Amino acid sequence: MSKKDKKGRKKQIRNKNPAENREQVSLNEEKLLAWLGIDPKKTEAINEATYFTCLKMLSETMGKLPIHYYQKTEKGRIRAESTDADRLLTVRPNPYMTPTTLLTVTEFNTQHFGNGFILIHNRLVVEKGYTGRIEFLGLYSMNPNDVTIWIDDKGIFGEEGSIKYEWRDPLTHRSYIFDSEDVMHFKTWYTKNGITGEPVRKILSDTIATAGESQEVMSNLYKNGLTASMAMQYTSDVDDARVKMLQKKFADKLTGPQAAGRVIPVPLGLQLTPLNAKLTDSQFYELRKYSALQIAAAFGIKPNQINDYEKSSYSNSEQQQLSFLVDTMQYRLKLYEEEINAKLLLKAQQEAGFYFKFNEKAILRTDSKTQMDIFAEAVQNGIYKPNECREYLEKPDAEGGDILMCNGNFIPITQVGTQYGNTAGSGQEGGSG
């Protein structure tokens, strides 16, 4: 939009709509990339199928795991009474997201950008006769592209050497500074300073680019009807304009799915010779599969989770799922639990034994028969109470189900052999007989 000034010259007026401004910037970036000979679609690693699958697997796994609030007591671990922070993590962290969505988008940002941020919105509530308590109002995800981490080495914002987080609101373009205790910061294992993480795609840039190129080759082959390139041979002299016309004419007829089974008439003196480039000769499939396994391995994803069942079977799929939990997700869950407990619990709560913990067993569920066998064995050996197993099965408590039971033939190890001792009034001596 422009208008004329007093001298009749056009004067640029900045668009007041931030969304339209961002769209214009995006278009300019695409034009710049095209001018530099770079395909804008190839700049995003997420366009590669294996990379996308790995992000999806890790993000969804983090989102599907429920988190519980516990307390360590003299009698063991118990479910603690719900608090503001507990309700935010299990019911509704903010008006726009569910807990599943919040954890999913945070893990996606962590893996794709190297860092994931959750802003803690809280306030201090002062009560009579007490210094005060913290009331948690909301948890909000922050886009890593809008966050800058500062180390206050001069003490400008308070304590010298403290870490501050600057967030730029993409709508108002205003900047806000938050203390470290107001931001939950999750990072990948790849960190050089322990403060900021690096994305996996930075290490695998060449591998992901190669996988993307192979994916584009297959896409182009399908678009062209799986037909190879051809050499056009002609005997007479043909000018450039005629050559381009012939190229376009036969390219339209010989490419695309509609070209399958079509008979193409060729003029006298013109010959079309296919340039056969077999994918098997270049080991295209093997190389592409190797690149996919490399990307998956960097994320800790097992082959069966990217649909590679060559060395997998139904019998060992459960073991591979357990391996995924132990080798990949256990580190991620421990990292999340430590950050959540440090930022959402007061020191007094931590000292009283309160803590948050993910229920990792949610991704290790077995079939119904195996589950019932496990419950029966646990109840019969005094490990679980019957009502505890009924709770797992989402059944109501039963009367008398809150006691531990075991086989009556079992005796304590300290009493083994006493059954062979003297029997009162029998007159018999204990012995091996």
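Select His-173 to begin: with a relative accessible area of 52%, this residue is exposed, because exposure is assigned over 50%. The model on the screen is a predicted one, and the tour proceeds from this residue through the neighbouring strands, then to the salt bridges, the largest pocket and a few individual residues.

**First stop: the turn at His-173**

Keep His-173 selected and display the backbone. The residue lies in the loop between β8 and β9. Its phi is near 65°, a positive value in a residue other than glycine. Now extend the selection to both flanking strands. β8 and β9 form a hairpin with 6 residues between them, and His-173 belongs to the turn.

**Second stop: strands β7, β8 and β9**

Select residues 175-179, which make up strand β9; 5 bridges join this strand to β8, and the two run antiparallel. To see one of the pairings, pick Tyr-165, whose bridge partner in β9 is Phe-178.

Next, add residues 147-152, strand β7, and residues 162-168, strand β8. These two strands also run antiparallel, with 6 bridges between them. Pick Ile-151 here and look across to β8, where Ile-163 stands opposite. When following side chains along these strands, a general point is useful: in a regular strand the side chains alternate between the two faces of the sheet.

**Third stop: salt bridges**

How many salt bridges does the structure hold? The count is 9, and three of them are visited here. Side chains of opposite charge can pair when their charged atoms come close.

Remain with the hairpin and select Asp-179 and Lys-164. They form a salt bridge in which the closest N and O atoms are 2.5 Å apart. The pair links distant parts of the chain, since Asp-179 is in strand β9 and Lys-164 is in strand β8, 15 residues apart. Are the two partners buried or exposed to some degree? Asp-179 is partly exposed, with a relative accessible area of 30%, whereas Lys-164 is buried at 7%.

Move to helix α3, residues 84-90, and select Arg-87 and Asp-84. Their side chains meet in a salt bridge at 2.6 Å, N to O. The two residues are 3 apart in this helix, and they are therefore separated by about one helical turn. Arg-87 counts as partly exposed because its relative accessibility is 40%; Asp-84, at 21%, also counts as partly exposed.

Then select Lys-302 and Asp-327, whose side chains meet in a salt bridge at 3.3 Å, N to O. Lys-302 lies in the loop between α8 (284-299) and α9 (314-344), while Asp-327 lies in helix α9, so the pair ties together parts that are 25 residues apart in sequence. Lys-302 is buried, with a relative accessible area of 19%; this value falls under the 20% limit for a buried residue.

**Fourth stop: the largest pocket**

Select Asn-359, Lys-361, Tyr-384, Glu-388 and Tyr-392, which lie nearest the centre of the largest pocket. The full lining comprises 27 residues. Which elements give two or more residues to this lining? They are β3 (67-73), β4 (76-79), β13 (354-358), α11 (368-380) and α12 (386-392). The volume of the largest pocket is about 1400 Å³. Colour the lining by residue class to see its make-up: 12 residues are nonpolar, 4 are polar and 11 are charged.

**Fifth stop: cysteines**

Select Cys-54, which counts as buried at 0% relative accessibility. Then select Cys-389, which also counts as buried, at 5% relative accessibility. No disulfide is to be found on this tour, as the structure holds 0 disulfides.

**Final stop: two contacts across the sequence**

Select Asn-407, found in the segment after α12. This residue is partly exposed, with a relative accessible area of 35%. Add Gly-382 to the selection: Asn-407 and Gly-382 are 25 residues apart in sequence, and their C-alpha atoms are 8.5 Å apart in space.

End at Phe-108, which lies in helix α4, residues 99-113. At 24% relative accessibility, Phe-108 counts as partly exposed. Select Met-62 as well: the C-alpha atoms of Phe-108 and Met-62 are separated by 9.5 Å, although the residues are 46 apart along the chain.

Methods:
Residues are numbered from 1 along each chain as its sequence is written. This is a predicted model: local features need pLDDT of at least 70, side-chain atom pairs count only at pLDDT 80 or more; totals for chains, interfaces and linings use all residues. Side-chain values use heavy atoms; hydrogens and water are left out. Two strands pair if DSSP finds at least two bridges between them. Helices (H or I, at least four residues) and strands (E, at least two) are DSSP runs, numbered from the N terminus. A disulfide is a pair of cysteine sulfur atoms within 2.5 Å. Buried means under 20% relative accessible area, exposed over 50%, partly exposed in between (1.4 Å probe, protein chains only). On a 1 Å grid over the protein atoms alone, a cavity is a set of points where a 1.4 Å probe fits but cannot get out, and a pocket is an open set with protein on both sides within 12 Å along at least five of seven lines; lining residues have an atom within 4 Å of a point. Grid points are joined across faces, edges and corners, and a volume is the space filled by probe spheres set on the points. Ala, Val, Leu, Ile, Met, Phe, Trp, Tyr, Cys and Pro count as nonpolar, Asp, Glu, Lys and Arg as charged, and the others, Gly among them, as polar. A salt bridge is a side-chain nitrogen of Lys or Arg within 4 Å of a carboxyl oxygen of Asp or Glu.
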